[in-house]
Amino acid sequence: MAELQEVQITEEKPLLPGQTPEVAKTHSVETPYGSVTFTVYGTPKAKRPAILTYHDVGLNCKSCFQPLFQFGDMQEIIQNFVRVHVDAPGMEEGAPVFPLGYQYPSLDQLADMIPCILQYLNFSTIIGVGVGAGAYVLSRYALNHPDTVEGLVLINIDPNAKGWMDWAAHKLTGLTSSIPEMILGHLFSQEELSGNSELIQKYRNIITHAPNLDNIELYWNSYNNRRDLNFGRGGDITLKCPVMLVVGDHAPHEDAVMADSGGQPQLTQPGKLTEAFKYFLQGMGYMASSCMTRLSRSRTASLTSAASIDGNRSRSRTLSQSSESGTLPSGPPGHTMEVSC
């Protein structure tokens, strides 16, 4: 397996007091389904898995995950784990446009590229963090290689193939909407798009003016041609590792905690997601002595104050607050933690 490219860069982000810039290495390796690019931050930690991320359609690893991994309270996590940020083929910054007629990999084939990445890096296990299409890819990989996945954080995942009604709606929408608008409708809710916030304007500009828009359309088509993952609670096909399911408050299928689109909590609620992720890692046996996040400190301070008034009610209120925020400590191996941000 030959390495095609290795570039050493310094991460561009404001540094916290006393923090040194992280050195990142970007690699490209050949797989049976073409070349894949990924960026590695940090150094491997003994007896700890790597955190491996996979982004959604219309984004790359930077535009999808930078707000989350640059969040202040996330720094304690990233100091304890090496991170591998994978770009789907043709989605990396500066990627050339694929030639006309290029057969883009299916989502199943994208999942089959991950072993090549781990073999190249000599990593044995991962904790996967995926959004939308990326969550599907990591789920497919975990089903095929359960012994290499210690945990999964799945944001806005839809594990089902499109039905006939979905296909009809998709085709009808395609007659009246451009590819960027359809992808934005996948990433964000109609309420968010109508509000046209600064965040929406930013990502509309990123997608609309992307120089690799033709590549993005190919990834979008692969997502819309996905197969059923065919797993469910208590079924014969299921994920063997602990799973944290995350859904945005504006996602259209919030009640199912498996959403096709709407809301990007890693962009809009990095604090809540960081806090939930920290509890999830602690439930897996990592970072047992972790410091409280700023959200936890704020919540604890307010509850401590309330306890002087409410007396014995303080414990029940603490549990209620934790449950509402989606930050309950994780349970035994194989558990599922559900979070709404």
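Seven of the nine residues of helix H6 (residues 179-187) are buried, so this helix is largely enclosed by the rest of the structure. The structure is a predicted model. The buried positions of H6 comprise Ile179, Pro180, Met182, Ile183, Leu184, His186 and Leu187. The protein chain around H6 contains 13 helices and nine strands. Of its 341 residues, 50% count as buried. Among the contacts in the protein chain with a separation of 6 or more, 72% are between residues 24 or more positions apart.

The surroundings of H6 include two helices, H8 and H9. Two packed helices are described by the angle between their axes and the distance between the axes. For H6 and helix H9 (residues 213-224), the angle is about 50° and the axes are 11 Å apart. H6 and H9 are therefore oblique to each other, and their crossing is left-handed. On the H6 side the contact is made by Ile179, Pro180, Met182, Ile183 and His186, and on the H9 side by Leu213, Ile216, Glu217, Trp220 and Tyr223. Classified by type, the residues of this contact are eight nonpolar, one polar and one charged.

The packing of H6 with H8 has an angle of about 140°, with the axes 10 Å apart. These two helices are therefore also oblique to each other. H6 passes H8 in a right-handed crossing. Here Pro180, Glu181, Ile183, Leu184 and Leu187 of H6 meet Tyr203, Arg204, Ile207 and Thr208 of H8. The contact of H6 with H8 divides into six nonpolar, one polar and two charged residues. Pro180 and Ile183 of H6 take part in the contact with H9 and also in the contact with H8. Both of these residues are among the buried positions of H6.

One of the H8 residues that meet H6 is Tyr203. Tyrosine 203 lies in helix H8 (residues 198-208) and is buried, with a relative accessible area of 2%. When its neighbours within four places in sequence are left aside, tyrosine 203 is in contact with Leu59, Ser63, Pro67, Leu184, Phe188 and Leu267. Of these partners, Leu184 is a buried residue of H6. Phenylalanine 188 is 15 residues from tyrosine 203 in sequence, and the C-alpha atoms of the two are 10.0 Å apart in space.

Glutamate 191 is found in helix H7 (residues 190-195). In contrast to tyrosine 203, which is buried, glutamate 191 is exposed, with a relative accessible area of 56%. Its C-alpha atom is separated by 9.6 Å from that of glycine 263, although the two residues are 72 residues apart along the chain.

A further pair of helices is formed by H3 and H4. The axes of helix H3 (residues 107-121) and helix H4 (residues 133-144) come within 8 Å and cross at roughly 65°. This angle makes H3 roughly perpendicular to H4. The crossing in which H3 passes H4 is right-handed. From H3, the contact involves Leu107, Asp108, Leu110, Ala111, Asp112, Ile114, Pro115 and Leu118, and from H4, Ala133, Tyr136, Val137, Leu138, Arg140, Tyr141 and Asn144. By class, the residues of the contact of H3 with H4 are 11 nonpolar, one polar and three charged.

Ala133 of H4, part of the contact with H3, is also among the residues touched by histidine 55. Histidine 55 is located in the loop between strand E4 (50-54) and helix H1 (61-69). This histidine is buried, with a relative accessible area of 0%. Not counting residues up to four places away in sequence, histidine 55 touches Asn60, Cys61, Cys64, Phe65, Val86, Asp87, Ala88, Met91, Val131, Ala133, Gly134 and Tyr219.

The contacts of histidine 55 thus include two cysteines, Cys61 and Cys64. A search of the whole structure finds zero disulfides. The cysteine sulfur closest to that of cysteine 64 belongs to cysteine 61, and at 8.9 Å it is too far for a bond. Cysteine 64 counts as buried, because its relative accessibility is 0%. Cysteine 241 is buried as well, with a relative accessible area of 6%.

Terms used
Residues numbered from 1 in each chain as written. Predicted model: local features only at pLDDT ≥ 70, side-chain atom pairs only at ≥ 80, totals over all residues. Heavy atoms only, no water. Buried < 20%, exposed > 50% of the residue type's maximum accessible area, 1.4 Å probe, protein only. Helix = DSSP H or I, 4+ residues; strand = E, 2+ residues; numbered from the N terminus. Axes fitted to C-alpha atoms, helices over the stretch in contact; angles between N-to-C directions. Parallel < 35°, antiparallel > 145°, perpendicular 65-115°, else oblique. Left-handed = near helix turned anticlockwise from the far one by under 90°. Contact = heavy atoms within 4.5 Å. Nonpolar A, V, L, I, M, F, W, Y, C, P; charged D, E, K, R; others polar. Disulfide = S-S within 2.5 Å.
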